[in-house]
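Grab your viewer and work through these exercises with the model open. Each one has a task and then a stepwise solution.

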Amino acid sequence: MQWRYHMRKIIDWSMSGAAMMATLCGLIPLILISMHLLRRGISSINLDFFTHMPQPVGEPGGGMANAIIGTCLMVGIATAIALPIGLLGGLYLSEFGERRTGAAVRFAADMLNGIPSIVIGIFVYGFVVVPLGHFSAMAGGIALSIIMMPMILRNTEEMLRLVPHALREAALALGIPYWKTLLRVVLVTARRGIVTGILLALARIAGETAPLLFTALGNQFWSLRLDQPMAALPLQIFTYAISPFEEWQQQAWSGALVLIGIVVILSLLSRWMVRVPQVKTDG
Amino acid sequence: MSADRILKWVTASFAMIVVVLLCGIGIMLLVKSWPAIHTFTWHFPLTRLWDPVQGAFGALPFIYGTVVSSLLALMMALPLGLGIAIFLVELCPDRLKGTIAFLVELLAAIPSVIYGLWGIFFLVPWLRETIEPWCIEHLGVVPLFEGPPYGIGMCAAGLVLAIMILPIIASISRDVLETVPNDQREAALALGATRWEMIRTAVLPYGRSGLFGACFLGLGRALGETMAVTMVIGNRPEISTSLFHPAATMASVVANEFTEATGELYLSALFGIGLVLLSITFLVNLGARWLVLSIGRLPQGT
Amino acid sequence: MDDHGQKLSTQHLQAWFGAHLALKEVSIDIPGNRVTAIIGPSGCGKSTLIRCMNRMHETIPSARAAGAVLLDGRSIYQQDPVQLRRQVGMIFQKPNPFPTMSIIDNVTAGLRLNGLRDRRRLEEIAAQCLQKAALWEEVKDKLRYPGAGLSGGQQQRLCIARALAVNPEVLLMDEPCSALDPISTSKIEELIHELRAHYTIVLVTHNMQQAARASDQTAFMYMGRLVECGETRQVFTTPKAQQTEDYITGRFG
């Protein structure tokens with residue numbers, strides 16, 4: 001019995017140790033990636049990188065101004081499309097979505113969320129690019145919006161559900177109509193959580209590359225026209241990373257550092273948003 | 001019509017856009033891949049040869065590459081992810097919890113293309129110069145470790161995918177373990193269980209369907225992952241037993257060849273691959289959704 | 001059954017949750033093979049007291065304890081909690097069978113942890129324990145069914161059988177009937193009465209009638225202090241402290 005007891009203790013310790021090791025192992029890639037990004041990327045980050053255009057092969061320097069603006073524009077288009085659908089759809093799910101329609105929407109959103117982004121890319125290619133006859137920033141924005149939509153939708157629903165029922169009743173008892181209660185009281189109460197979800201969705205689509213490959217295509221030149229191909233930061237990183245030229249590879253690292261900076265800032269912002277005490281829901 | 005009803009109908013019609021989109025994606029892919037389906041019928045996903053110049057389009061190498069790289073990733077990420085979840089829920093001191101959870105979230109937030117970049121310039125050279133030569137020298141008799149060390153290939157893709165799905169598996173498993181009621185833990189401890197025995201007999205069985213769901217979600221993400229895989233897998237439509245051999249996945253072939261596809265049949269075959277990919281991920285996510293939703297329905301005692 | 005030495009005793013036991021002092025200098029003696037009831041208003045520390053007796057208290061983050069708890073004269077803080085809990089079993093307020101295990105697996109869970117693999121022996125012990133827990137007749141035909149399918153009262157008796165299977169000397173019961181209907185409650189009370197022959201039982205209850213019916217000795221706690229402890233009959237008929245009298249006569253906040 002004593003022997004068995006010692007065995008159990010040893011197994012207990014080693015499994016605890018294994019869980020700790022797993023956590024350390026999981027964090028190693030994060031440390032390595034951030035180290036490499038900083039070391040390789042920091043050297044060519046300067047004002048030029050944000051204000052200049054890409055240089056042709058063989059000429060050092062230059063920047064990614066067009067790609068940074070392109071990413072901002074396309075993320076903007078995506079937000080403009082996805083936001084009303086996500087917010088109003090989320091409102092529908094939390095307030096009226098008990099029936100079959102609600103279940104169908106929830107199911108569709110979850111499935112849409114799981115569709116590989118490359119598939120969304122070829123869908124938008126067939127849906128927008130082929131009818132228009134050419135690649136365009138608009139198509140890129142639409143592709144990103146399809147990725148963004150289900151994320152905002154489901155998050156908005158969850159956040160609205162956290163708003164206590166008593167609050168709705170209080171507003172209704174004051175004689176405020178239901179629709180006004182929803183828009184003025186419920187939405188406003190849940191705004192912090194909703195904005196957090198939007199920030200996380202932005203962080204996600206800012207780095208998406210696959211859906212832009214056959215929609216926005218990328219562009220080495222300055223263009224603000226929404227009906228023309230447009231550069232995007234992740235696309236530019238991809239093109240440069242697989243190129244055989246040293247200068248371009250260097251630019252890819254710097255671009256990656258800028259991109260990760262954007263993503264980390266958005267994530268930190270969203271984290272800071274939830275820091276503030278939340279409504280308790282459990283008993 | 002009252003304002004309330006108007007609001008209901010307006011929000012409902014916005015919500016329905018999601019349903020329409022989902023159906024639209026399915027229909028679009030089916031229509032666009034119809035020429036390929038019509039030409040190759042059910043031979044398409046079973047044919048090993050992919051040679052656009054000869055007009056031979058078989059999706060099998062890509063299906064193989066996608067499935068093998070994803071399973072490889074799952075094999076590596078699952079124990080680690082579960083370990084992280086167990087550490088966070090059962091062992092970690094409270095003041096470290098938030099920080100570690102945030103770091104894991106950060107790993108999930110890194111864009112795919114950055115994983116690919118890192119893969120090309122650090123992971124692949126490391127595999128080519130250190131890991132693969134060693135494996136080939138010592139384990140070369142096993143078909144899994146045959147051939148020259150390319151660096152790029154199935155092994156690199158599996159590793160990158162494992163890193164990418166690790167945070168998903170870890171964070172969902174953590175959520176699942178946190179739903180295990182404390183009285184289950186106390187029941188095991190009061191019987192004289194050690195902490196690990198408590199986890200094994202009370203915590204993990206209680207959360208098993210949710211944990212399977214976490215697995216499926218990770219798998220679904222790995223199957224559809226495009227950029228990082230495209231950058232490190234080598235994009236060769238061949239089926240090889242060796243993990244060190246270049247391969248290709250459904251997502252990577254679409255990413256690589258879509259803009260250069262000439263001719264209706266070629267493009268249609270790529271849409272067809274997209275359709276196969278969509279169907280597989282759809283099924284996996286369906287399973288995941290069912291499993292994760294079912295954790296709320298476990299018997300709760302009275 | 002009069003001459004039973006002190007099986008379990010606490011000396012100047014203090015317990016905290018974070019900065020909150022939940023037990024203040026509690027010293028109590030629990031005689032062997034008898035039922036000791038601990039009564040008191042909710043929040044008085046009665047659950048905390050028995051959770052200190054098998055070191056379950058310290059499994060809560062930020063909880064700690066000071067003072068001494070002696071089992072057969074030996075301090076439990078010098079023993080390994082894992083081994084201690086095999087000697088001092090516990091029944092919880094809410095029945096908590098393992099939902100993924102069958103009835104028989106639930107009963108034998110503690111034994112299997114200790115490496116007992118012999119199927120026949122396990123079944124034998126399970127049958128014995130289910131009989132002791134007065135559940136055998138009701139479940140003997142469905143031993144392979146999940147324990148969660150039983151009624152609340154049956155689940156609680158299943159938990160008692162599960163605790164008995166590791167062959168403890170002391171059973172700590174933390175309001176075992178509070179989630180049950182009156183019929184199940186009376187069954188458990190009968191069971192407690194029978195188990196007393198072989199085990200030392202500490203019963204926490206907020207139900208004074210239950211304490212009066214089921215116990216030999218009663219302790220009254222209030223605001224983290226042990227106010228009074230004595231023969232059940234004496235505590236209920238001629239309490240020494242004013243607070244005890246106020247409580248049992250219902251003149252209490």
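**Exercise 1: a hairpin in chain C**

How many residues lie between β1(C) and β2(C) in their hairpin, and which residue in the turn has a positive phi?

Solution. First, the ground rules: this is a predicted model, where local features need pLDDT of at least 70 and side-chain atom pairs count only at pLDDT 80 or more, while totals for chains, interfaces and linings use all residues. Residues are numbered from 1 along each chain as its sequence is written, chains are lettered from A and ligands numbered from 1 in the order in which they are written, and side-chain values use heavy atoms, with hydrogens and water left out.

Step 1. Strands here are DSSP runs of E with at least two residues, helices are runs of H or I with at least four, and both are numbered from the N terminus.
Step 2. Look at the turn: two residues separate β1(C) from β2(C), and Gly18(C) is the one with a positive phi, about 60°.
Step 3. Check the pairing, which needs at least two DSSP bridges between two strands. β1(C) and β2(C) have eight, in the antiparallel sense. One of the pairs puts Leu8(C) against Ile30(C) of β2(C).

**Exercise 2: the four-strand sheet**

Work out the strand order of the open four-strand sheet in chain C, and find its edges.

Solution.
Step 1. The order reads β2-β1-β4-β5 (chain C), and the pairing is antiparallel.
Step 2. β2 (20-31) and β5 (74-75) of chain C are the edge strands, as each pairs on one side only.
Step 3. Now go to the other neighbour of β1: β1 (residues 6-17) and β4 (residues 63-71) of chain C run antiparallel, joined by eight bridges. Gln14(C) sits opposite Ala66(C) in β4(C).

As background, strands of a sheet pair through backbone hydrogen bonds, either parallel or antiparallel.

**Exercise 3: the six-strand sheet and a helix on it**

Why do β6 and β10 of chain C each have one side without a neighbour in the sheet?

Solution.
Step 1. Lay out the order: β6-β7-β8-β3-β9-β10 (chain C), an open sheet with mixed pairing.
Step 2. β6 and β10 (225-231) of chain C stand at the edges with a single partner strand each, so one side of each has no neighbour.
Step 3. For the twist, neighbouring strands of this sheet are turned by 15° against each other on average, direction ignored.
Step 4. At the β10(C) end, β9 (residues 217-222) of chain C runs antiparallel to β10(C) over six bridges, and Tyr222(C) has Arg225(C) as its bridge partner.
Step 5. Add the helix: α7 (residues 182-195) of chain C packs on the sheet and touches β3 (35-39), β7 (170-174) and β8 (200-204) of chain C, with its direction at about 150° to that of β8(C). For that angle, axes are lines fitted to C-alpha atoms (for helices over the stretch in contact), and angles run from 0 to 180 degrees between N-to-C directions.

**Exercise 4: where chain C meets chain B**

Describe the interface of chain C and chain B, from contacts to chemistry.

Solution.
Step 1. Count contacts (heavy atoms within 4.5 Å): 26 residues of chain C meet 22 residues of chain B.
Step 2. Get the buried area, meaning the accessible area (1.4 Å probe) that two parts lose on being put together, summed over both. You get about 2100 Å², with 62% from carbon and sulfur atoms. In chain C, Phe98(C), Thr100(C) and Leu113(C) lose the most area to chain B, together 29% of what that side buries.
Step 3. Look for salt bridges (a side-chain nitrogen of Lys or Arg within 4 Å of a carboxyl oxygen of Asp or Glu). There are two across this interface. One of them links Arg51(C) to Glu186(B), whose closest N and O atoms are 2.5 Å apart.

**Exercise 5: where chain B meets chain A**

How much area do chain B and chain A bury between them?

Solution.
Step 1. The area is about 6700 Å², 84% of it on carbon and sulfur atoms.
Step 2. The contact involves 71 residues from chain B and 79 residues from chain A.
Step 3. Two salt bridges turn up here; among them is Arg8(A) with Glu197(B), where the closest N and O atoms are 2.7 Å apart.
Step 4. Helix α1 (residues 3-32) of chain B gives the most to the side of chain B that touches chain A, with 20 residues.
Step 5. Zoom out: chain B has 12 helices and two strands, and its C-alpha atoms fill a box of roughly 75 × 70 × 30 Å along the principal axes.
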